[in-house]
Structures are given as C-alpha cells and as structure tokens.
Amino acid sequence: MRSIVVLLTKYSALVKAIFYKKRFFNALSTVVSYILKKDRFLALPLFVQIEPTNRCNLNCSLCITGLGKLRRPKRDMSFREFTQIIDQFEESIIYLVLYNLGEPLLNTQLYDMIKYAKKKKIFVRLSSNGYFTEKKHIKDIVNCGLDELIISLDCVSPQNYLKYKNSHSFYDVINNIELIIKERKGKHGPFINVQLLLIRDNEEDISQFRCLVRRLGVDKGLIKKPRVNFPGVIPDTSFLPLNSKYIRKSYKDFNRIRECIRPWISTVILSDGSVVPCCFDMQGEYNFGDTINLNFRQIWNSDRYILFRSQILTDSNHISLCQQCSVKDFFDNFVGRL
Ligand code: SF4
C-alpha cells in the first residue's frame, strides 16, 4: 500500500509539472520541431540536467571524477546561479535531473535548490551515492520536496564495494538508506530507487540484490550495465561482465543510424554554467556557451547548437562525442528493474 501512494505521488508531480503555465504547449512544439527535423526553433528543452557540483567524496573505478581524470576545475554551483538558470526555463522545464558528475549532497545549497525548483512545480530527480556522515541529510532529503531519489549503491557486498568504490562505507550507506526509509514513514515521497551496477565481480549477485531491495523496503531496484569508455581514460575492460548480455551496445553495434532526440528535448548545464549537449560530454568539450552570463535561448539557437543538431540528423556516427554513446538504445543500458 505504501509504495502505491508513493508511486501515485510521483506521477501526480509529473502531471502537475507538464501542465504548469505554458509547458504543455512548449512540449508539443518541441516534438513537432523534432518530427519536422527543424534544427532551429522557439521551444525550450523539457528535460534539463544541472550539475550542482563536480566534486565527490568517493573514488568509483568507473567514473572520471572518481579516477581523478576530470579536467574541469572543481566547482559548486551557487544558489544564485541556479535560480538565474531555472528562471529561464520556467515555462518549458518539466523534469530536472539534479546531478551529473560529482556527489550533489556536497553542495551545501542543494536543498534550497530543490525547494526553489519545487515552488515552480518542476519534477526533481536526484542521484546520490548515499554516503554521508551528517545525519541532518536524512530529514532534508525526505522533507525538501524531492520527487525521486536514486541511490547508487552499485554493489551488494562490502568486499565488492571496497574493490569498486575504494571505500569501506558499504554499511554506512545501507544504514543511511534504512534511516531515509524510516524518516519517510507516513509521508508521500520521495520515490526511492536503489541502483546496482553489474560489473564482473557482482554479475552473479542479481538475486542477492533482489533480496536487499525487498529488505530495505525501497520502491525500485534498478540494475544498470557498466560503461567503461570515458573521454581521456584508457577503458578498463576488467570491470566488464563476462556474460555478453550484460554489456552495453556501442554505436558500432547498431546497423541502422538512429537519430538522437536529446539535442531537441534536453540540455545539460555543468557546475560553472556551461551548456553541453548531453551527459556524455563529461569534460565539457562541446561547450555551447555560459548560461549564467548569456541568455539560454540565445545559446539554444546559436550557430554551434544548430550545427550540432544538423550533424545529428545527417552524420551522427561521425561526431566523436556520439561515438562513445550508448543512448541510441536507451533501454539497452539496463538489465532490468525489480
Ligand atoms: S552522445 Fe549520445 S546522447 Fe549525446 S548527442 Fe550524441 S547520440 Fe545523443
């Protein structure tokens, strides 16, 4: 019963976000622009991903921040910068993804950002590694109005956790999840989703993960295929599962060129305000402009963004960024959900 209420709350937040102000008409015009293959248009993105910080408190083996290979300076976005950005999307944004690289809970103004977005009826999803020692986060996460929380536990044993995340904090994270679930009792959200990353060392652990998801009482368990190719890093294939059905397809595996819809419906804003086409541009190499100092609509309709869209339509397999991408078949990135 509990999870039906949480699920209904999540979807009603999404419906409210779609029908707030002119967002529904903006969404329609975005879809029409994509269908008509227009590379310049008036509608703004429906999905916006904002990186509150690119700093992290763990060292995961398949993450360029964790590996120390992120070339962008370490930076937290300020609350003022965040509001300046969000205000530009007020009439378009339905879904805010409030994470990219880095651990969002390290930004001390994160909960103010979530509250601000919720005042504007935006659906907010956050992803955290769940590792923190300041217990005030428990109340804040549950009570700030957040709609969905993903916790990247990634492993189901402390041994694998140590090997993959280089940290002894497995049981601290489990304890934090238990405390969040306890704090949520009698409340309607957030929807809580715990994630397993299926690397070689835990590819046999799916049933163990299922038991853990049930025992914790979270709303969903998501099993993700790992990604090993990152810009500027030699791929560590030792983490790839042995079972080929758990390996992500790369762009080369698709015999038909599929057009990506992301440059029409979404955008990614890095912690310094730089606008990049999607979350695969981790180093910010396709920086279209700085949305803290420039109006986003100008950036969205700039020559460089337009050129990028037209390349996606005509020649996406020759865009170096897209060659690392597995989003061409988004659902293929997941093994399943529990
Ligand atoms: S990298 Fe992937 S998601 Fe990003 S624009 Fe290219 S095809 Fe789309």
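**What sits around the ligand?**

Which residues are closest to the ligand? They are C260, C278, F280, C322 and C325, part of a set of eleven residues that surround the ligand; a residue is near a molecule if its C-beta atom, placed from the backbone, lies within 6 Å of it.

Keep in mind that this is a predicted model: local features need pLDDT of at least 70, side-chain atom pairs count only at pLDDT 80 or more, and totals for chains, interfaces and linings use all residues. Residues are numbered from 1 along each chain as its sequence is written.

**Helix α8**

Now look at α8, residues 206-216 (helices are DSSP runs of H or I, at least four residues, and strands are runs of E, at least two, numbered from the N terminus). Its buried residues are F209, L212 and V213. Seen down the helix axis, these buried residues fall within an arc of 100 degrees, so they line one face of α8; the arc is that of the directions from the axis to the C-beta atoms. "Buried" takes 20 or more other C-beta atoms within 10 Å of a residue's own, "exposed" 12 or fewer, and "partly exposed" is in between, with C-beta atoms placed from the backbone.

The face turned away from the buried side carries the exposed S207, C211, R214 and R215. Just after α8, G217 takes a positive phi of about 75 degrees.

**Strand β5 and its partners**

Six of the seven residues of β5 are buried, so β5 is largely enclosed by the rest of the structure. β5 pairs with β4 (148-154) in the parallel sense over six bridges, where strands pair if DSSP finds at least two bridges between them. S152 has Q195 in β5 as its bridge partner.
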